[in-house]
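Visitor: Please take a close look at the empty space inside this protein and the residues around it. I would like one connected account rather than a list.

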Amino acid sequence: MGTLGLQALNRALIERQMLRERADRSALATIEHLFGIQAQEPKSPYVGLWTRLKDFRPQELEDLLITREAVRILLMRGTIHLVSARDALALRPHMQLRLDRELQSGPFAKRLRGLDLDAVAEAGRTILETTPQGTADAGKQLKELWPDREHTVLGNALRNKLALVQLPPRGLWHRSGRAVCTTVETWLDAPQQAMARRELVLRYLTAFGPATVMDAQQWSGLTRLGEVFDELRPELVTFRTEAGKELFDLPDAPRPGPDTDVPVRLLPEFDNVLLAHADRRRVIADDRLGVVVGGKPTVLVDGFVVATWSITKQRTVEVEYIDDLPPSRRKAVAEECDRLRDWIRT
């Protein structure tokens, strides 16, 4: 059991997140390897794939959404993720307990009190499986059954109680639309079937390890994963952080040396690299977490967040630096911004 410093953890994360070298693989294989891509912003997964893949074109992801090989669905931490159809059916059951708790303690809790949420969910299921629509629209129909409740509150209950996918054109690159939903079972014509928690942990480590139990719980929103890690302990290797916390990892997973060179990379809003650990210092300093919470796309230099970026009205890429970088590093950032600009314009 050795010690891994932040630099070593950073290099392992960069490698597994396909940010050291753009990979020659399909978008679907990449989405599954990454165990989902954060997708609150409809177009951010496209940038997330561009920054990781050789010759990625938006049409490839659009085709996956249209052919139902990938879906946009509420998953980890109660946020929209882009995942493969297979992972949507296998991951969504694990999220239900957390989503139920959110209804009991979240901003709508008081206005839901005394309501039979299971009855609301079943009525909503019938509505959305018959005619896909927005949850607020479904809420207006539910209000006919529960006239003493606000339609927005009823619609929000459906968001948590049902496994809903957002249908194209929502999430397409060349066009978009409002969030129209139906159940994942109807859209994929298959039942939900939860993957084993041990598989969930192993998949997490593949994409985000080495990691602590708390890291895995932060990423997933699940609790009591320590029991799963203990069960898997004979199959894993362990390390310590510099603070003495136990890290788990797959024996054969890549752990590049801390001095490994990494290129400039542009990350979209809420990229999972920035959200998948309880201790995020392996990629972003604590005093910079506000840029992630604020939904700003970020710039990685030497593997760490040093700036934010945005697209201007002229479709150029503008950078706002947090750190004062030397001219050579700024030149590398400018070159990567030019590549993104050219890609967006194609």
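Guide: By class, the lining of the second largest cavity comprises seven nonpolar residues, one polar and one charged. This is a predicted model, and the cavity in question holds about 40 Å³ of space. Its lining is made up of Ala39, Pro42, Pro45, Tyr46, Leu61, Leu65, Arg72, Leu82 and Gly171. Two helices, α3 (44–50) and α4 (58–66), each supply at least two residues of that lining.

Two of these lining residues lead on to the packing of the nonpolar interior. Leu61, which lines the second largest cavity, is named with Phe56 and Trp343 as touching the most other members of the largest nonpolar core, a set of 90 residues. Helix α5 (residues 85–105) gives the most to this core, with seven residues. Tyr46, also in the lining of the second largest cavity, is touched by Trp343. Leaving out residues up to four places away in sequence, Trp343 touches Val47, Trp50, Phe56, Arg57, Pro58 and Trp173 as well as Tyr46. Apart from the largest core there is a second, separate one of 19 residues, which includes Leu103, Leu115, Ala157 and Leu162.

The second largest cavity is one of three cavities of 30 Å³ or more in the structure. The largest of them has a volume of about 60 Å³. Its lining consists of Gln17, Leu34, Gly36, Ile37, Gln38, Arg52, Pro268, Glu269, Phe270, Asp271 and Asn272. By class, that lining has four nonpolar, four polar and three charged residues.

Gln17, part of the lining of the largest cavity, can be followed further. Gln17 sits in the loop between α1 (6–16) and α2 (27–33). Its relative accessibility is 1%, so Gln17 counts as buried. The Gln17 side chain reaches the backbone oxygen of Ala207 at 3.0 Å. Setting aside neighbours within four places in sequence, Gln17 is in contact with Leu34, Arg52, Ala207, Phe208, Asp271 and Val273. Of these contacts, Leu34, Arg52 and Asp271 also appear in the lining of the largest cavity.

The open spaces can be set beside the enclosed ones. The second largest pocket has a volume of about 240 Å³, and its lining is formed by Glu41, Pro42, Lys43, Ser44, Val47, Trp173, Pro268, Glu269, Pro297, Trp309, Ile311 and Ile344. The elements that give two or more residues to this lining are α3 and β11 (304–311). Eight nonpolar, one polar and three charged residues make up the lining of the second largest pocket. Pro42 lines this pocket and also the second largest cavity. Pro268 and Glu269 line the pocket and also the largest cavity. Val47 and Trp173, again from the pocket lining, are among the residues that Trp343 touches.

The largest pocket has a volume of about 280 Å³. Of the 16 residues that line the largest pocket, Leu9, Thr241, Lys245, Asp279 and Arg281 lie nearest its centre. Helices α1 and α12 (213–220) each supply at least two residues of this lining. Its residues divide into seven nonpolar, three polar and six charged.

Terms used: Residues are numbered from 1 along each chain as its sequence is written. This is a predicted model: local features need pLDDT of at least 70, side-chain atom pairs count only at pLDDT 80 or more; totals for chains, interfaces and linings use all residues. Side-chain values use heavy atoms; hydrogens and water are left out. On a 1 Å grid over the protein atoms alone, a cavity is a set of points where a 1.4 Å probe fits but cannot get out, and a pocket is an open set with protein on both sides within 12 Å along at least five of seven lines; lining residues have an atom within 4 Å of a point. Grid points are joined across faces, edges and corners, and a volume is the space filled by probe spheres set on the points. Ala, Val, Leu, Ile, Met, Phe, Trp, Tyr, Cys and Pro count as nonpolar, Asp, Glu, Lys and Arg as charged, and the others, Gly among them, as polar. Helices (H or I, at least four residues) and strands (E, at least two) are DSSP runs, numbered from the N terminus. A nonpolar core is a set of buried Ala, Val, Leu, Ile, Met, Phe, Trp, Tyr and Cys residues joined through side-chain atoms within 4.5 Å. Buried means under 20% relative accessible area, exposed over 50%, partly exposed in between (1.4 Å probe, protein chains only). Contact means heavy atoms within 4.5 Å. A polar contact is a pair of N or O atoms within 3.5 Å; within protein, one must be able to donate a hydrogen and the other to accept it, and residues adjacent in sequence count only if both atoms are side-chain atoms.
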